[in-house]
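Please open the model in your viewer and keep the selection panel handy. We will walk from one stop to the next, and at each one I will say what to pick and what is there.

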Amino acid sequence: MLKLGIIGYGERIKVILKLLEESGKSTLCAITDINLEKTKLALENENRSGIALYDDAEKMLNEQKLDGVLIGTNCSSHTHYALLCSKYNVPMFLEKPVCTNY
């Protein structure tokens with residue numbers, strides 16, 4: 001079972017997560033988001049439990065043994081989080097665009 005983390009728990013990334021979970025080969029273990037109260041409420045509404053929550057992506061990557069990370073943040077922060085995942089050698093799914101400027 002692949003252990004997944006998410007950075008930015010928005011609506012688009014939830015669609016990707018659903019597809020991965022439907023495969024029966026992955027499970028969501030941790031989420032980093034800037035709005036943890038909204039994330040907690042969303043998880044309750046989705047009947048999810050046992051998921052570690054973080055307000056800092058690097059802390060999540062340090063503490064969790066993840067097989068992959070889904071990045072679903074605002075476009076302007078995609079590059080930052082992609083580079084962070086690369087630092088930890090964690091495979092990632094990155095929504096487009098990769099960056100918003102040169």
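Begin with helix H2 and its surroundings: the buried residues of H2 pack against H1, S2 and S3. Keep in mind throughout that this is a predicted model.

**Stop 1: helix H2**

Select Thr39, Ala42 and Leu43, the buried residues in H2. Around the axis they cover an arc of only 100 degrees, so they sit on the same side of H2. Now rotate to the face of H2 turned away from that buried side, where you will find the exposed residues Glu37, Lys38, Glu44 and Asn45. Before you leave, pick Asn47, which follows H2 and has a positive phi, near 55 degrees.

**Stop 2: helix H1**

Next, select residues 11-22, which make up helix H1. How far apart are the end C-alpha atoms of H1? They are 17 Å apart, and this agrees with the 16 Å that the 12 residues should span at 1.5 Å a residue.

Within H1, highlight Ile13, Lys14 and Leu17, which are buried. Look down the axis of H1: the buried residues fall within an arc of 105 degrees, and therefore they line one face of the helix. What covers the buried residues of H1? The cover includes strand S1 (2-7), strand S2 (26-32), helix H2 (36-45), strand S4 (68-71) and strand S5 (92-94).

Turn to the other side of H1 and colour Glu11, Arg12, Val15, Lys18, Leu19 and Glu22, which are exposed. Then step just past H1 to Gly24, where phi is positive, at about 75 degrees.

**Stop 3: the largest pocket**

Now for some empty space. To find the largest pocket, select Gly8, Tyr9, Asp33, Ile34 and Thr73; of the 20 residues that line this pocket, these lie nearest its centre. Its volume is about 440 Å³.

Which elements give two or more residues to the lining of the largest pocket? They are H1 and H2, the two helices you have just visited. H2 gives the most, with 3 residues. If you colour the lining by residue class, you should get 5 nonpolar, 10 polar and 5 charged residues.

**Stop 4: Asp55**

Keep Asp33 on screen and add Asp55, found in the loop between strand S3 (52-54) and helix H3 (57-63). Is Asp55 buried or exposed? Its relative accessible area is 62%, so Asp55 counts as exposed, the cut-off being over 50%.

Draw a distance between the C-alpha atoms of Asp55 and Asp33: these residues are 22 apart in sequence, and the distance in space is 5.5 Å. Leaving aside residues up to four places away in sequence, Asp55 touches Thr32, Asp33 and Leu36.

**Stop 5: Cys85**

For the last stop, select Cys85 in helix H4 (residues 78-87). Cys85 has a relative accessible area of 0% and is therefore buried, a term that applies under 20%.

Which residues does Cys85 touch, not counting those up to four places away in sequence? Show Ile7, Leu61, Val69, Ile71, Val90 and Met92 to see these contacts. Finish with one more distance: the C-alpha atoms of Cys85 and Ala57 are separated by 9.0 Å, and the two residues are 28 apart along the chain.

Note on methods: Residues numbered from 1 in each chain as written. Predicted model: local features only at pLDDT ≥ 70, side-chain atom pairs only at ≥ 80, totals over all residues. Heavy atoms only, no water. Helix = DSSP H or I, 4+ residues; strand = E, 2+ residues; numbered from the N terminus. Expected span 1.5 Å × (residues − 1). Buried < 20%, exposed > 50% of the residue type's maximum accessible area, 1.4 Å probe, protein only. Arc of directions from axis to C-beta. Contact = heavy atoms within 4.5 Å. 1 Å grid on protein atoms, 1.4 Å probe; cavity = no way out; pocket = protein on both sides within 12 Å on 5 of 7 lines; lining within 4 Å. Points joined across faces, edges and corners; volume = space filled by probe spheres on them. Nonpolar A, V, L, I, M, F, W, Y, C, P; charged D, E, K, R; others polar.
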